[in-house]
Amino acid sequence: MSSDPLLTFLSPPLPYFIESNRNTYPPGGEHPNRRNIGVFDLLFVHSGMLYIGEESRTWELGPGQMVILRPDRWHYPVKPCSEHTVIDWVHFQTAGLWEELDENNCGTLRGDYYSYAIRLPKSMTLPFPEEAISLFGKLHEAARGTSHSAFWQRQQWFLHLLQLFDEGWRTDAAKAPISVAEQAAAYLKLHFRGSVTNSKLGEALGLHPNYIARCMSEVFDCTPQQYLLSYRLDQAKLMLLQTNWPISRIADETGFKQTPHFSRSFSDHIGITPLLYRKRFTGAALARNITKQEDFE
């Protein structure tokens, strides 16, 4: 893969499909020359060669290669096609935050426990282009539909396509810090109920704990243990609202083996005690079920 940047979309909201089609360019044909079209323009080459530019960057795209052109830039043909060329194109947009950054910059958009940073390569060669070709075909068919179900079909096929691109770039070692940080976050969320040390995390990922910590600091702006604590406290908040479990059980369920430690951590980070949090955000019926032990805590 080249050193092209990544486009990062913070989701939700998800990027949404607008329109798509398949174009054929004879020798001498070329992609339109446009400026600030207001939508992202995803181009995928089936066969032939497409010569395309965006501002000062240019690409020579062959079979199985794609590029995403920005909605706020000038797109232009670098030169006409020299052979019969078939491409798929998709216009899409997002109502959420997005950014484009080079590979050495993790950017400002970071997923947390409930959101996700969709990272799409500016351009790439797909390792399994047949899967993309199949998805493009289904997407174009749904795009021509007029029934109410066609809307859901084209959005679903479009999201499958984004997932294919999002996962495709992660095999590139140049993007390792982001991939390592996201693997570490997934492991921490899966094992938050138990004891997770930096050594255990390193063994699970097969990497040195210091390297994992550096990657998480770059991508999530926190250490693995800080990430784990924040996730545990978020899970505790849900349990306080959705159950009538005593505080001691919630502490145990979220990986805090000592109830006083849980209560102090919760108060320090949330600003109130677990008991007051529950009373503030739940109804009187649940509040009446709070045990004397909780009142003591």
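## A guided tour of the predicted chain

Begin by selecting Pro13, a residue of the loop between S1 and S2. Strands (E, at least two residues) and helices (H or I, at least four) are DSSP runs, numbered from the N terminus. The structure is a predicted model, in which local features need pLDDT of at least 70 and side-chain atom pairs count only at pLDDT 80 or more, whereas totals for chains, interfaces and linings use all residues. Residues are numbered from 1 along each chain as its sequence is written, and side-chain values use heavy atoms, with hydrogens and water left out.

**The S1–S2 loop**

Remain at Pro13 and display the backbone. The peptide bond from Pro12 to Pro13 is cis, with omega near 0°. Step back to Pro12, which is also placed in the loop between strand S1 (6-11) and strand S2 (16-25). The bond that leads into Pro12 from Ser11 is cis as well, with omega near 5°.

**The whole chain**

Zoom out to the full protein chain, which has eleven helices and twelve strands. Of its 297 residues, 47% are buried; buried means under 20% relative accessible area, exposed means over 50%, and partly exposed lies in between (1.4 Å probe, protein chains only). The accessible surface comes to about 14700 Å², and 52% of that surface belongs to carbon and sulfur atoms. Such areas come from the Shrake-Rupley method with a 1.4 Å probe; for residues, only the protein chains shown count as cover. Among contacts between residues at least 6 apart in sequence, 72% join residues at least 24 apart, a contact being heavy atoms within 4.5 Å.

**Two residues with positive phi**

Select Asn36, in the loop between strand S3 (34-35) and S4. Its phi is near 50°, a positive value in a residue other than glycine. Asn36 is partly exposed, with a relative accessible area of 48%.

Continue to Glu55, in the loop between strand S5 (50-54) and strand S6 (57-61). Phi of Glu55 is likewise positive, near 50°, and this residue too is other than glycine. Glu55 counts as partly exposed, at 32% relative accessibility.

**Leu42 in strand S4**

Select Leu42, which belongs to strand S4 (residues 40-47). Is Leu42 buried or exposed? Leu42 is buried, with a relative accessible area of 0%. Leaving aside residues up to four places away in sequence, display the residues that Leu42 touches: Met66, Val67, Ile68, Asp88, Trp89, Val90, Phe92, Phe136 and Phe165. Then draw a distance from Leu42 to His91: their C-alpha atoms are separated by 6.4 Å, although the residues are 49 apart along the chain.

**Helix H3 and its two partners**

Select helix H3 (residues 176-190) together with helix H6 (residues 224-242); they pack at an angle of about 45°, with their axes 10 Å apart. That angle makes H3 oblique to H6. Angles under 35 degrees count as roughly parallel, over 145 as roughly antiparallel, 65 to 115 as roughly perpendicular, and the rest as oblique. Axes are lines fitted to C-alpha atoms, for helices over the stretch in contact, and angles run from 0 to 180 degrees between N-to-C directions.

The crossing of H3 past H6 is right-handed: the near helix is turned clockwise from the far one by less than a right angle, whereas an anticlockwise turn would be left-handed. Show the side chains of Ala185, Leu188 and Lys189 on H3, and of Pro224, Tyr227, Leu228 and Tyr231 on H6, which make the contact. These residues divide into six nonpolar, no polar and one charged. Ala, Val, Leu, Ile, Met, Phe, Trp, Tyr, Cys and Pro count as nonpolar, Asp, Glu, Lys and Arg as charged, and the others, Gly among them, as polar.

Now replace H6 with helix H4 (residues 198-205), which packs with H3 at an angle of about 115°, the axes being 11 Å apart. The crossing of H3 and H4 is right-handed. The contact is made by Val180, Gln183, Ala184, Tyr187 and Leu188 of H3 with Lys200, Leu201, Ala204 and Leu205 of H4. Its residues divide into seven nonpolar, one polar and one charged.

**Met216 and Asp221**

Select Met216, in helix H5. Met216 is buried, with a relative accessible area of 0%. Among the residues that Met216 touches, not counting those up to four places away in sequence, are Ala185, Leu188, Pro224 and Tyr227.

Finish at Asp221, in the loop between helix H5 (209-220) and H6. Asp221 is exposed, with a relative accessible area of 60%. Outside residues up to four places away in sequence, Asp221 touches Arg110 and Met216. Asp221 and Thr108 are 113 residues apart in sequence and 9.5 Å apart in space, C-alpha to C-alpha.
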